[in-house]
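Work through the exercises below with the sequence and the 3D structure in view, and try each task before reading its solution.

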Amino acid sequence: MDDVRHDKLKAEGDFAALDPLDCKTMLDVRAGVDEIDRMLVALIARRQGYMDAAARIKPSRSVVRDEARINQVLANVKAEAEKYGLSWAIAEPVWREMMERCIAYEFDVWDATRG
């Protein structure tokens, strides 16, 4: 990771664990990974809340899956991945799978609230 991206991550993140460049042991690495995992769970839970809101707001089941929005999200994520130096080989499948799971969840919520 170049210094510009590294500095951007340090400036934007409020992390207790050591910076990856400062890790000296696997305990340091694992502490960082565990911290990030806790943050990701909280963020994904909030994202799920937006799926609950979408299921509540969307007027028909036929608009739950929105291909244009899927493509827009992927484009947004690709731009962010490039900005932060995240490999697209990691980001793309993660977001595609998360979106598919979120869409399935939204269908379930939509059906449960209208069935």
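**Exercise 1: the start of a helix**

Task: Find which residue caps the N-terminal end of α3.

Solution: In this predicted model, the cap of α3 at its N-terminal end is Asp-66, which places a side-chain oxygen 3.2 Å from the backbone nitrogen of Ala-68.

**Exercise 2: the span and the end of the helix**

Task: Compare the expected span of α3 with the distance between its end C-alpha atoms.

Solution: Begin with the extent of α3, which covers residues 67–84 and so has 18 residues. The expected span is 1.5 Å times one less than the number of residues, and for α3 this comes to 26 Å. Turning to the model, the end C-alpha atoms of α3 lie 26 Å apart, which agrees with the expected value. Beyond the helix comes Gly-85, with a positive phi near 75 degrees.

**Exercise 3: two sides of the helix**

Task: Work out which residues of α3 are buried, and why they line one face of the helix.

Solution: First collect the buried residues of α3, counting as buried those under 20% relative accessible area: they are Ile-70, Val-73, Leu-74, Val-77, Ala-81 and Tyr-84. Next look down the axis of α3, where these buried residues fall within an arc of 100 degrees, and therefore line one face of the helix. Finally, turn to the other side of α3, where Ala-68 and Glu-82 are exposed.

**Exercise 4: the whole chain**

Task: State how many helices and strands the protein chain has, and what share of its residues is buried.

Solution: The protein chain holds 4 helices and 0 strands, and of its 115 residues, 23% count as buried.

Note on methods: Residues numbered from 1 in each chain as written. Predicted model: local features only at pLDDT ≥ 70, side-chain atom pairs only at ≥ 80, totals over all residues. Heavy atoms only, no water. Helix = DSSP H or I, 4+ residues; strand = E, 2+ residues; numbered from the N terminus. Buried < 20%, exposed > 50% of the residue type's maximum accessible area, 1.4 Å probe, protein only. Arc of directions from axis to C-beta. Polar contact = N/O pair within 3.5 Å; in protein donor to acceptor, adjacent residues only side chain to side chain.
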